[in-house]
Amino acid sequence: MTAVLLSLTLALSLATGQYAPQQAASDPLAPAREARVQQLAKKLRCAVCQGLSVADSPSSMARAQLDKVRELVSDGKTDEEIVDYFVARYGEWVLLEPRAEGFNWFVWLGPVVLVLGGLFVIARQRKPVPEGAAAAEAVTAPSPSSPAVPSTDDADPYLQAVRRELER
Amino acid sequence: MKRWRLPLVFAAVAVALLFVLFKGFGRDPHEVPFMLKGSPAPAFVLKPLDGGENVKLADLKGHPVVLNFWASWCGPCKYEHPVLEWGAREMGSQAVFMGVVFEDTEENARDFLRRMGASFPQLMDERSRMAVDYGVAGVPETYFIDAEGIIRGKHVGPIDPQTLALRVRELSQPAAAPTAEAARQR
């Protein structure tokens, strides 16, 4: 029922023009420069989307932002100038990759530090197996039913204690 | 002392994580930062919706300007429009009210204005060039530009009459002396 109502509402709103009409974007530049445009657009966040880049978003606002990148590229602006243009308007929020400076180093290095810390903890928790024990294990492992096993059982003070408890 | 070292390191990492999460959750994810506050408004030349001469920002110098970005497909713009109509009528002498049609066709915009009233001039923003220049992050948004052409701030979302009146009054005051509203906006 809800699904029907929702789709009806959607159909009605589409029919009555409750959407942003698509507008033609500007023409792509020469391949080499267009590649630069797309590369820059991948790094910029679309202003009206949820975490989509300007290059990936189909929204008309993203098209407009892409047009702006294209315009700035064809004006001969450097990558840095173009990024600065957007940062001047939307702040560092517009960068999908935070700049590696100041507090942002925390974001860049934090995961590496955490992984290294985890490895350190694992390394400390892993007790090195004593040489003698490892050799004994290697000898007894291939023949678990051999008479050597009961003899080690007799030697174990814990097992002896258990047996004593059971026999009582 | 040695057995406390590891827990202490973990506590430090946990506190750092909490700090980052607090910073992240402390802000509204839908809020887009606005950096043009206090800087000169970018120039624009736009075609009015009802024909006639192109409108330039330079022509408006010397008058405070209230710029409203809207679209006919935007629901909140419908609730907001009467407030702007009222503002243009009541405070038209203190500030120039202008609408900028965002991501919409001329036909849809005209239809909207025919139904809702058109008491201030409307401009067509071809391909949203001006919207990108002004750092628009959705509609409706209302920009307040003083007589010197400095952006004093913007209001995101539908504006209410009290805020509109307050912001227009602020436009005619000198730029210094940040008010409580301005401080909150920062």
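This passage looks at one strand of chain B and at the side of chain B that meets chain A. The model is a predicted one.

A good place to start is strand β3 of chain B, which covers residues 65-70. Six of its six residues are buried, so β3(B) is largely enclosed by the rest of the structure. In a regular strand, side chains alternate between the two faces of the sheet. Here, V65(B), L67(B) and F69(B) point one way, while V66(B), N68(B) and W70(B) point the other way. Whichever way they point, all of these residues are buried.

What does β3(B) pair with? One partner is strand β4 of chain B (residues 96-101), which runs parallel to β3(B) and is joined to it by six bridges. To get from β3(B) to β4(B), the chain passes through helix α2, made of residues 75-91 of chain B. This β-α-β crossover is right-handed. Another partner is strand β6 of chain B (residues 141-145), and this pairing is antiparallel, with five bridges. F69(B) takes part in both pairings: its bridge partner in β4(B) is V100(B), and in β6(B) it is E141(B).

Turning to the meeting of the two chains, 18 residues of chain B are in contact with 19 residues of chain A. On the chain B side, helix α4 (residues 129-133) gives the most, with three residues. As for the make-up of that side of chain B, nine of its residues are nonpolar, five are polar and four are charged.

Methods:
Residues are numbered from 1 along each chain as its sequence is written. Chains are lettered from A and ligands numbered from 1 in the order in which they are written. This is a predicted model: local features need pLDDT of at least 70, side-chain atom pairs count only at pLDDT 80 or more; totals for chains, interfaces and linings use all residues. Two residues are in contact if their C-beta atoms, placed from the backbone, lie within 7 Å. Helices (H or I, at least four residues) and strands (E, at least two) are DSSP runs, numbered from the N terminus. Ala, Val, Leu, Ile, Met, Phe, Trp, Tyr, Cys and Pro count as nonpolar, Asp, Glu, Lys and Arg as charged, and the others, Gly among them, as polar. A residue is buried if 20 or more other C-beta atoms lie within 10 Å of its own, exposed if 12 or fewer, and partly exposed in between; C-beta atoms are placed from the backbone. Two strands pair if DSSP finds at least two bridges between them. A crossover is right-handed if, with the strands pointing away from the viewer, the path from the first strand over the helix to the second runs clockwise.
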